[in-house]
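User: Could you take a close look at one small part of this protein for me, and then work outward to what surrounds it? Plain talk is fine, I just want to know what to look at on the screen.

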Amino acid sequence: MEAIQRLTEVLERKLGKEIPLQDVGYETMSFTHEEIDEELVPPYMIAFVEAPILCHSANYTDDEGNYYTLMLVEIGGDTPYEVWLVNDKLILHFNSVENE
C-alpha cells in the first residue's frame, strides 16, 4: 500500500486536488531479471536482488484522461526504486538513497 500513499501524496501536490482512494488502482507483480525493462530499471539496481523481484504499482487517471503510474521496485533495503510514468511514458526513475 506504500505505492498508493506515495502516488496520492505526489499527485495531490502536483495537481492541487484530493485524490480519492477509490480512484486509485493497485497491483503487485513479480519479475525475473530478464523480464524487467532496462529503460525503467537499470540492471545495476537489481543485479544483486534475488528473483522474484517484487514491484508494487499504483495508478490514477485524472479528469483530462492523463494516466499516472508509480512503480515501486523492491531492490533490497528499506527504500524501493521509484519509476514514474505519465500516459505510459517514463518521466522519472530514481532511488532516493542515491540522491542523499
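Analyst: Start with Asp88, which is found in the loop between β4 and β5. Keep in mind that this is a predicted model. Asp88 has a positive phi of about 65 degrees, although it isn't a glycine. Its neighbor Asn87 lies in that loop between β4 (81-86) and β5 (89-94) too, and Asn87 also isn't a glycine but has a positive phi, of about 55 degrees. How covered are these two? Asp88 has a relative accessible area of 60%, so it counts as exposed, the cut-off being over 50%. Asn87 comes out at 37% relative accessibility and therefore counts as partly exposed.

Now step back along the chain into β4. Glu82 is in strand β4, and at 10% relative accessibility it counts as buried. What does its side chain meet? Glu82 forms a salt bridge with the side chain of Arg6, at 2.8 Å from N to O. Arg6 belongs to helix α1, so this pair ties together parts that are 76 residues apart in sequence. Arg6, at 25% relative accessibility, is partly exposed. As background, side chains of opposite charge can pair when their charged atoms come close.

The structure holds 2 salt bridges. The other pair to find is Lys17 and Asp63, whose side chains meet at 3.2 Å, N to O. Here Lys17 sits in the loop between α1 and β1 while Asp63 sits in the loop between β2 and β3, so the pair links parts 46 residues apart in sequence. Asp63 is exposed, at 68% relative accessibility, whereas Lys17 is partly exposed at 30%. The side chain of Lys17 also makes a polar contact of 3.3 Å with the side chain of Tyr60. Leaving aside residues up to four places away in sequence, Lys17 touches Glu12, Tyr60 and Asp63.

Tyr60 is a handy bridge to the strands, since it stands opposite Tyr68 in β3. Strands β2 and β3 run antiparallel and are joined by 7 bridges. Their hairpin has 5 residues between the strands, and Gly65 there takes a positive phi near 90 degrees. On the β4 side, β3 pairs in the antiparallel sense over 6 bridges. One pair to click on is Leu70 and Trp84, with Trp84 being the bridge partner in β4. Strand β3 (residues 67-73) is mostly covered, with 6 of its 7 residues buried.

Back in β2, go to His56, which lies in that strand (residues 53-61). Is His56 buried or exposed? At 18% relative accessibility, it counts as buried, because the cut-off is under 20%. Its side chain makes a polar contact of 2.6 Å with the side chain of Glu74, and another of 3.0 Å with the side chain of Thr28. The residues His56 touches, not counting those up to four places away in sequence, include Ala3, Tyr26, Leu70 and Met71. Just ahead of β2 there's another backbone feature: the peptide bond from Ala51 to Pro52 is cis, with omega near 0 degrees. Pro52 falls in the loop between α2 (43-46) and β2.

Zooming out, the protein has 2 helices and 5 strands, and from the N terminus on the elements run α-β-α-β-β-β-β. Its radius of gyration is 14 Å, close to the 13 Å that the globule rule gives for 100 residues, so it's as compact as a globular protein of that length. The C-alpha trace spans about 40 × 30 × 20 Å along its principal axes. Of the 100 residues, 39% are buried. The protein exposes about 6300 Å², with carbon and sulfur atoms supplying 49% of that. And if you take contacts between residues at least 6 apart in sequence, 43% of them join residues at least 24 apart.

Notes
Residues are numbered from 1 along each chain as its sequence is written. This is a predicted model: local features need pLDDT of at least 70, side-chain atom pairs count only at pLDDT 80 or more; totals for chains, interfaces and linings use all residues. Side-chain values use heavy atoms; hydrogens and water are left out. Helices (H or I, at least four residues) and strands (E, at least two) are DSSP runs, numbered from the N terminus. Buried means under 20% relative accessible area, exposed over 50%, partly exposed in between (1.4 Å probe, protein chains only). A polar contact is a pair of N or O atoms within 3.5 Å; within protein, one must be able to donate a hydrogen and the other to accept it, and residues adjacent in sequence count only if both atoms are side-chain atoms. Contact means heavy atoms within 4.5 Å. Two strands pair if DSSP finds at least two bridges between them. The radius of gyration is taken over C-alpha atoms; the globule rule is 2.2 Å times the number of residues to the power 0.38. Accessible areas come from the Shrake-Rupley method with a 1.4 Å probe; for residues, only the protein chains shown count as cover. A salt bridge is a side-chain nitrogen of Lys or Arg within 4 Å of a carboxyl oxygen of Asp or Glu.
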